[in-house]
Amino acid sequence: MIENYLQVLEESLHKKMGVLEKIEEANQRQEEILKQEPVSEEAFDETIEEKGAFIDELNKLDEGFENLYENIREQLTSGREKYKVQIASIQKLITRVTEKSVSIQTQEARNKALAEAYFANRKQELQKGRRSSKAAMDYYRNMSQSQINMPQFMDRKK
């Protein structure tokens, strides 16, 4: 019976690895989007939503894995030698999952820096646009309020 539980734990880790690979692909797309000129904010938002769904799935897998592991922890520790091969396989998968998670965190940090640079640049552009708009509005206001007298003399020569 415990062999079945160990098999489920292993399958859970394989699914988690698949989800992590999908997150990694989404991160790569996100990086490409942020490096493009002009940046497609819609595509960027779509990748964020896509990654959010993957993260929710990942959290469910983690929760299920932890709950199942808690249920069989006693039996695993007492029969460690009996399940040695399956435990080693699960440990290898956990190592791979951890390595993939670290890789994704590195990607996330790079993407965060790219996004911050993009949004800082966008903010500067907006501020520059506001200043230009304000200057134009001030000029218009000043010109409409000024009392410019039109020339009073006309040349009557024909």
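Phe119 is partly exposed in this predicted model. Its relative accessible area is 43%. Phe44 forms an aromatic pair with Phe119. The geometry is edge-to-face, with 6.3 Å centre to centre and 70° between the planes. Phe44 lies in helix H2 and Phe119 in helix H3 (residues 84–145), so the pair ties together parts that are 75 residues apart in sequence. Phe44 has a relative accessibility of 9%, so it counts as buried. Tyr118 also pairs edge-to-face with Phe119. Here the centres are 5.0 Å apart and the planes meet at 65°. Tyr118 is buried, at 14% relative accessibility. The count of aromatic pairs comes to 2. Phe44, Tyr118 and Phe119 form one aromatic cluster.

The protein chain has 3 helices and 0 strands. From the N terminus, its elements run α-α-α. The chain holds 158 residues, of which 26% count as buried. Its exposed area is about 12,300 Å². Carbon and sulfur atoms supply 52% of that area. Among contacts with a separation of 6 or more, 81% come from residues 24 or more positions apart.

Helix H2 covers residues 41–78, a run of 38 residues. From its first C-alpha to its last, H2 reaches 54 Å. This is close to the 56 Å expected at 1.5 Å a residue. H2 bends by about 55° at Ile72. Ile72 is itself one of the buried residues of H2. Others in the buried set include Phe44, Thr47, Lys51, Phe54 and Leu58. Leu61, Phe65, Leu68 and Leu76 also belong to it.

Pro38 sits in the loop between helix H1 (2–35) and H2. The peptide bond from Glu37 to Pro38 is cis, with omega near -10°. In general, most peptide bonds are trans.

The count of salt bridges comes to 8. One of them joins Asp62 and Lys16, with the closest N and O atoms 2.4 Å apart. This pair links distant parts of the chain. Asp62 is in helix H2 and Lys16 in helix H1, 46 residues apart. Asp62 counts as partly exposed, at 22% relative accessibility. Lys16 counts as buried, at 16%. The two residues fall on opposite sides of the 20% cut-off for burial.

A second bridge lies within helix H1. Glu31 and Lys35 meet there at 3.1 Å, N to O. The partners are 4 residues apart in H1, about one turn of the helix. Glu31 is buried, with a relative accessible area of 17%. Lys35 counts as exposed, at 55% relative accessibility.

Glu108 and Lys51 form a further salt bridge, their closest N and O atoms being 2.7 Å apart. Glu108 lies in helix H3 and Lys51 in helix H2, so the pair ties together parts that are 57 residues apart in sequence. Glu108 is partly exposed, with a relative accessible area of 30%. Lys51 counts as buried, at 7% relative accessibility. Salt bridges with shared partners also join Glu41, Arg122 and Glu125 into one network.

Definitions and conventions: Residues are numbered from 1 along each chain as its sequence is written. This is a predicted model: local features need pLDDT of at least 70, side-chain atom pairs count only at pLDDT 80 or more; totals for chains, interfaces and linings use all residues. Side-chain values use heavy atoms; hydrogens and water are left out. Helices (H or I, at least four residues) and strands (E, at least two) are DSSP runs, numbered from the N terminus. The expected span of a helix is 1.5 Å times one less than its number of residues. The bend at a residue is the angle between axes fitted to the seven residues ending there and the seven starting there. Buried means under 20% relative accessible area, exposed over 50%, partly exposed in between (1.4 Å probe, protein chains only). Rings of Phe, Tyr and Trp (its six-membered ring) pair if their centres lie within 6.5 Å; planes under 30 degrees apart count as stacked, over 60 as edge-to-face and the rest as tilted. Contact means heavy atoms within 4.5 Å. Accessible areas come from the Shrake-Rupley method with a 1.4 Å probe; for residues, only the protein chains shown count as cover. A salt bridge is a side-chain nitrogen of Lys or Arg within 4 Å of a carboxyl oxygen of Asp or Glu.
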